[in-house]
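Biologist: Please display the model. I should then like to go through it by question and answer.

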Amino acid sequence: MAKHELFKQIVGDLSFSDSSLFAKLLDSCVQSKSFLDVRRVHARITKTTFASEIFINNRLVDSYGKCGSLEDARRVFDRMPERNIFSWNSILTALSKLGFVGEAARIFGLMPERDQCSWNSMVSGFAQQDRFQEALDYFVRMHEENFVLNEYSFGSGLSACAGLKDLKMGKQIHSLILKSLYFSNVYMGSALVDMYAKCGSVAFARRVFDEMNERNRVSWNSLITCYEQNGPVGEALVVFTRMMDSGIEPDEVTLASVVSACASLSAIMEGRQIHARVVKCDKLRDDLILSNALVDMYAKCSKISEARHVFDRMPVRNVVSETSMVSGYAKASSVKVARLMFTKMMERNVVSWNALIAGYTQNGENEEALGLFLLLKRESVWPTHYTFGNLLNACANLANLQLGQQAHVHVLKHGFQFQSGEESDIFVGNSLIDMYMKCGSVEDGCQVFKTMVERDWVSWNVMILGYAQNGYAAEALELFNKMSASGEKPDHVTMIGVLCACSHAGLVEEGRQYFTSMKRDHALVPMKDHYTCMVDLLGRAGCVDEAKNLIETMPMGPDAVIWGSLLGACKVHRNITMGKYVAEKLLEIDPSNSGPYVLLSNMYAEIGRWGDVVKVRKLMRKQGVIKEPGCSWIEIQGYVNVFMVKDKRHPQRKEIYSLLKALTKHMKHAGYIPDADDNEAYEEQNEPESTPCHQMYLQAATAVG
């Protein structure tokens with residue numbers, strides 16, 4: 001109404017003593033963001049004596065800029081017969097806020113004089129365009145030229161530090177704030193918390209927060225987000241509770257961060273409580289970011305039906321919403337549903353592709369993961385380090401060296417350096433090492449390790465485990481010593497690799513020393529896996545009594561794996577008394593497991609106690625225990641041939657069996673004598689093709705054929 005009255009007054013009378021009414025009207029136009037109204041006012045001004053006045057032309061440049069009409073702002077500026085510092089600042093601010101920071105920098109260089117506002121426009125303009133280093137360069141120059149830094153300078157400088165994760169510069173700006181008038185300003189405190197959070201410095205963020213005399217919602221949000229993104233994640237929920245107790249009402253930013261924390265913690269009960277709060281608030285109920293966070297939280301907590309319920313009720317969805325559902329279905333082993341949803345997505349990004357590839361890999365469908373990667377390449381989607389991490393994992397699971405090498409070529413083409421940074425790709429190098437080790441190509445894995453620009457503790461662990469699993473015990477232990485010398489501290493996984501290496505090399509005394517050193521030298525409490533390694537080590541060396549004593553003195557209850565390891569050792573060393581005791585322990589844990597029965601019967605067979613063999617087999621039948629048939633496979637020219645015991649389904653079975661008979665005949669001529677103590681041979685001596693090694697003979701015959 002006020003603007004309408006002003007328009008009427010201006011239209012009716014152009015003889016004003018000053019231009020203040022035009023200035024008020026321009027302010028009104030800026031509030032309504034209408035550059036057309038600014039043009040109408042401008043048209044009136046041109047018919048007055050104020051057309052060349054610096055003051056009103058400055059206001060016109062400023063108004064056009066704030067309404068988004070840079071072309072008009074620039075035209076007014078260029079036609080001004082005379083300019084002052086405010087003229088230059090107005091066009092500078094317009095250029096900066098509208099993203100034309102390059103042109104702003106050119107204008108800044110032409111300015112005959114500059115003030116605090118000029119510098120702030122440059123610092124904030126570059127920071128808002130994510131050109132953080134240039135923003136800091138202007139901030140430093142501003143300080144060096146002795147211009148007074150104010151809250152706008154500090155805020156933009158801290159934002160640039162956060163964007164660059166430049167903790168050192170952030171601390172320097174913090175020290176300047178402490179010496180300024182703004183050290184107790186709530187906005188500066190919030191900006192400092194945010195900067196330290198984004199630089200990963202949780203302790204400093206918390207210290208700043210605790211020292212703030214006044215806090216607002218932004219302060220609390222910054223600290224909650226800090227814990228949610230950097231950990232410990234549980235502290236985010238603690239801070240949220242304190243925020244509520246302080247009487248600060250949470251907004252959608254608060255709740256989205258808290259819901260994300262619940263997702264990371266699998267805290268489904270707390271997540272549901274937040275969801276209930278959201279549903280009751282009209283403003284929050286349909287918020288896209290918050291709804292996406294809820295979908296993601298339910299999906300990560302394996303509550304896929306609840307995730308789908310939130311998803312279906314969303315009035316607006318985006319690629320994030322749909323990707324969360326794809327990831328959730330994949331995690332819930334519903335990969336077919338995930339693929340269907342993925343196919344129906346109107347928009348996909350690389351995160352969507354990564355979610356489905358990861359889903360296939362996690363569910364053991366490694367061939368599908370590889371196929372999806374090829375489709376990704378065909379659709380010209382640029383893969384990320386996460387894509388290659390999942391791809392290499394699939395190759396490792398398949399133990400397919402050729403595919404792994406092809407994946408390695410893609411990694412090299414994409415220029416990964418295996419180093420830390422904003423997007424650390426060290427884990428891609430780790431995945432490469434793991435793939436090569438699992439494929440048995442130790443030299444290639446070692447070469448990747450040597451060429452990595454940076455390594456983390458996982459890099460060392462993968463190498464040590466890879467060496468141990470491939471029988472390179474000496475190399476594994478030597479690398480462990482190098483790891484310790486480099487300052488990288490071993491963890492539980494490292495020690496598993498070391499103990500495995502000792503086990504495979506028969507280094508009993510060394511294994512005992514490493515096991516003892518875990519708590520003494522590395523502050524690592526041995527876990528069940530470490531005890532299992534020690535039992536395996538002692539069992540291989542024939543120290544079955546010591547292994548039994550170790551099991552019975554464990555601080556945690558033994559499982560079937562650790563007893564099974566000892567039972568295998570009893571069979572190797574023909575300790576029938578101990579074997580019977582261990583088999584009974586195993587059957588107490590899992591009565592339906594055929595393994596203990598088979599191993600015990602084989603042990604009896606090896607010493608010729610056929611009556612006991614029959615008793616064990618009868619007991620198996622009485623208990624309803626069925627032995628799973630053996631299975632083996634071999635890949636020839638890209639086709640996987642699978643064989644079971646007594647298998648006669650192969651399309652080339654006649655040729656295979658013919659060759660098998662010829663091979664058996666040659667073996668007998670060469671002096672091969674079947675093991676007369678073999679339990680399977682005893683049971684089914686009239687069925688030669690049913691022996692445990694039969695399927696391996698079949699695959700050998702297939703390979704030769």
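**Helix H13, the core and the cysteines**

Biologist: Which residues of H13 are buried?
Modeller: Buried means under 20% relative accessible area, exposed over 50% and partly exposed in between, with a 1.4 Å probe and protein chains only. Helices (H or I, at least four residues) and strands (E, at least two) are DSSP runs numbered from the N terminus. In this predicted model, the residues of H13 that count as buried are Val202, Ala205, Arg206, Val208 and Phe209.

Biologist: Why do the buried residues lie on the same side of H13?
Modeller: The arc is taken from the directions that lead from the helix axis to the C-beta atoms. The buried residues lie on the same side of H13 because their arc around the axis is only 160 degrees.

Biologist: Which residues on the other side of H13 are exposed?
Modeller: The buried residues of H13 are covered by elements including helix H11 (167–178), H12, helix H14 (217–230) and helix H15 (234–245). On the other side of H13, the exposed residues are Ala203 and Glu211.

Biologist: Is Ser201 buried or exposed?
Modeller: Ser201 belongs to the loop between helix H12 (186–198) and helix H13 (202–211). Beyond residues up to four places away in sequence, Ser201 touches Leu167 and Tyr196, where contact means heavy atoms within 4.5 Å. Its relative accessibility is 11%, so Ser201 counts as buried.

Biologist: What is the mean pLDDT of the protein chain?
Modeller: The model is predicted, so local features need pLDDT of at least 70 and side-chain atom pairs count only at pLDDT 80 or more, whereas totals for chains, interfaces and linings use all residues. Residues are numbered from 1 along each chain as its sequence is written, and side-chain values use heavy atoms, leaving out hydrogens and water. The pLDDT, from 0 to 100, is the predictor's confidence in each residue. It reaches 70 or more for 92% of the residues, and the mean for the protein chain is 87.

Biologist: Over which residues is the pLDDT below 50?
Modeller: The stretch concerned has 62 contacts in the model beyond near neighbours in sequence. The pLDDT is below 50 over residues 676–705.

Biologist: Which residues touch the most other members of the largest nonpolar core?
Modeller: A nonpolar core is a set of buried Ala, Val, Leu, Ile, Met, Phe, Trp, Tyr and Cys residues joined through side-chain atoms within 4.5 Å. The largest one holds 203 residues, and those touching the most other members are Ile173, Met297 and Leu566.

Biologist: Which helix gives the most to this core?
Modeller: The greatest contribution to this core is 8 residues. The helix that gives them is H12.

Biologist: How many disulfides are there?
Modeller: A disulfide is a pair of cysteine sulfur atoms within 2.5 Å. By this rule, the number of disulfides is 0.

Biologist: Which cysteine sulfur is nearest to that of Cys29?
Modeller: Cys29 is in no disulfide, and the nearest cysteine sulfur is 6.9 Å away. That sulfur belongs to Cys67.

Biologist: Why is the sulfur of Cys446 not in a bond with that of Cys439?
Modeller: Cys446 counts as buried, at 15% relative accessibility. The sulfur of Cys439 is the closest cysteine sulfur to that of Cys446, but it is too far for a bond because the distance is 16 Å.
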